[in-house]
Amino acid sequence: MNLSGKIALVTGASRGIGEALAIGLADHGTDVIICDLESESKGLANTHKQIEKTGKKCWSYFLDVTKKSQIQKMVSDILNDIGSIDILVNNAGILTPTSLEDIDEETWDSHFEVNTKGVLLMCQSVLPHMREKKFGRIINIASIAGRQGSPTQGHYASTKSAVITLTRVLAQEVGEAGITVNAICPGIILTEMGKNNLGSEKEIAHWSNVAALKRLGDPKDIIGPTVFFASNLSDFVTGQSINVCGGIYFH
Ligand code: NDP
């Protein structure tokens, strides 16, 4: 799966799954544009360095995916200075566990702002360019939580269900322009978010045992499916969401 000549944009790329995907895409031949919140500048610089080590080009931007004007400026700067965005990976996300009974409006809204509206705004800003090129690959990082949900994750799960639905509908709206839109639903991946959410070693051991493959995920486990959706091997696949969870969830 060689993606040489393509340019990928990855949000939330300073650490965790976004960092792994940005480097993984470069390993498979793309030049990569990475972005994250300004507060994550150290992590972003580290991802940037690692991409350059692969021999591919990298450009970094500070971006809050909830801010439409920032996104529009970044995309316009990219198209002027770099020229293209072939692959968009909507990875930025947040999770603050809390029960639905106790959740306050601010926490509910912030999760929808980042996890769902952020995906929509990024897609809306990049689509005119992809339509012009008659080519585009959009990959949304959802979650197995979006298929089922579990206690203290009702708000997060709802945002990710929305991403799965948005993926299905957008795929139908833009397919005729040569653009595919697919989602990946990671299981429990041992990033900062994954570890914070699990808490104890006991819980990690429990979920490792539940998984068919008897382990939890590493951010690198998400690279293969992302590269597949970005490559021409998936030219006839759109509107789909795939679980990448080591066999924790099967629907
Ligand atoms: P991390 O928390 O490790 O990384 C997420 C990155 O997104 C952080 O750098 C974060 O910055 C950034 N981010 C948060 N808000 C914004 C924003 N408004 N604009 C731009 N960037 C932002 O998470 P993971 O790597 O674990 O998760 C990546 C994606 O995968 C998320 O969408 C998550 O929901 C999904 N996922 C993760 C799973 C897991 O088990 N880890 C399981 C299933 C899905 P900051 O820290 O400053 O907020």
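Buried, throughout this tour, means under 20% relative accessible area, while exposed means over 50% and partly exposed lies in between, with a 1.4 Å probe and protein chains only. The model is predicted, so local features need pLDDT of at least 70 and side-chain atom pairs count only at pLDDT 80 or more, whereas totals for chains, interfaces and linings use all residues. Residues are numbered from 1 along each chain as its sequence is written, and side-chain values use heavy atoms, with hydrogens and water left out.

**The whole chain**

Start with the protein chain in full, which holds 8 helices and 7 strands; helices (H or I, at least four residues) and strands (E, at least two) are DSSP runs numbered from the N terminus. Along the principal axes, the C-alpha atoms fill a box of roughly 50 × 40 × 35 Å. The radius of gyration of the protein chain is 17 Å, which agrees with the value near 18 Å that a compact globule of 251 residues would have; this radius is taken over C-alpha atoms, and the globule rule is 2.2 Å times the number of residues to the power 0.38.

Of the 251 residues, 53% count as buried. If contacts are displayed (heavy atoms within 4.5 Å), then among those between residues at least 6 apart in sequence, 74% join residues at least 24 apart.

**Strands S1 and S2**

Next select residues 7–11, strand S1, in which 5 of 5 residues are buried. Ile7, Leu9 and Thr11 point one way from S1, and Ala8 and Val10 point the other way, yet all are buried.

Extend the selection to residues 31–36, strand S2, which runs parallel to S1 and is joined to S1 by 5 bridges; two strands pair if DSSP finds at least two bridges between them. Valine 10 has isoleucine 34 of S2 as its bridge partner.

Stay in S2 and pick valine 32, which counts as buried because its relative accessibility is 0%. Which residues does valine 32 touch, once those up to four places away in sequence are set aside? They are Ala8, Val10, Ala22, Ala26, Ile51, Lys57, Cys58 and Trp59. A distance drawn from the C-alpha of valine 32 to that of lysine 6 gives 8.6 Å, across 26 residues of sequence.

**Helices H4 and H5**

Now move to helix H4, residues 105–133, and select threonine 116 there. Threonine 116 counts as buried because its relative accessibility is 11%. Not counting residues up to four places away in sequence, threonine 116 touches His111, Thr159, Ala162, Val163 and Leu166. Its C-alpha lies 9.8 Å from that of valine 65, although the two are 51 residues apart in sequence.

From threonine 116, follow the contact to valine 163, which is found in helix H5. Is valine 163 buried or exposed? Valine 163 counts as buried, because its relative accessibility is 0%. With residues up to four places away left out, valine 163 touches Asn115, Thr116, Val119, Asn140 and Ala142. Isoleucine 141 is 22 residues away from valine 163 in sequence and 8.2 Å away in space, C-alpha to C-alpha.

The last stop is threonine 167, in helix H5, whose span is residues 154–174. Threonine 167 also counts as buried, because its relative accessibility is 0%. Leaving aside neighbours within four places in sequence, select Asn140, Val181, Asn182, Ala183, Gly239 and Gln240 to see the residues in contact with threonine 167.
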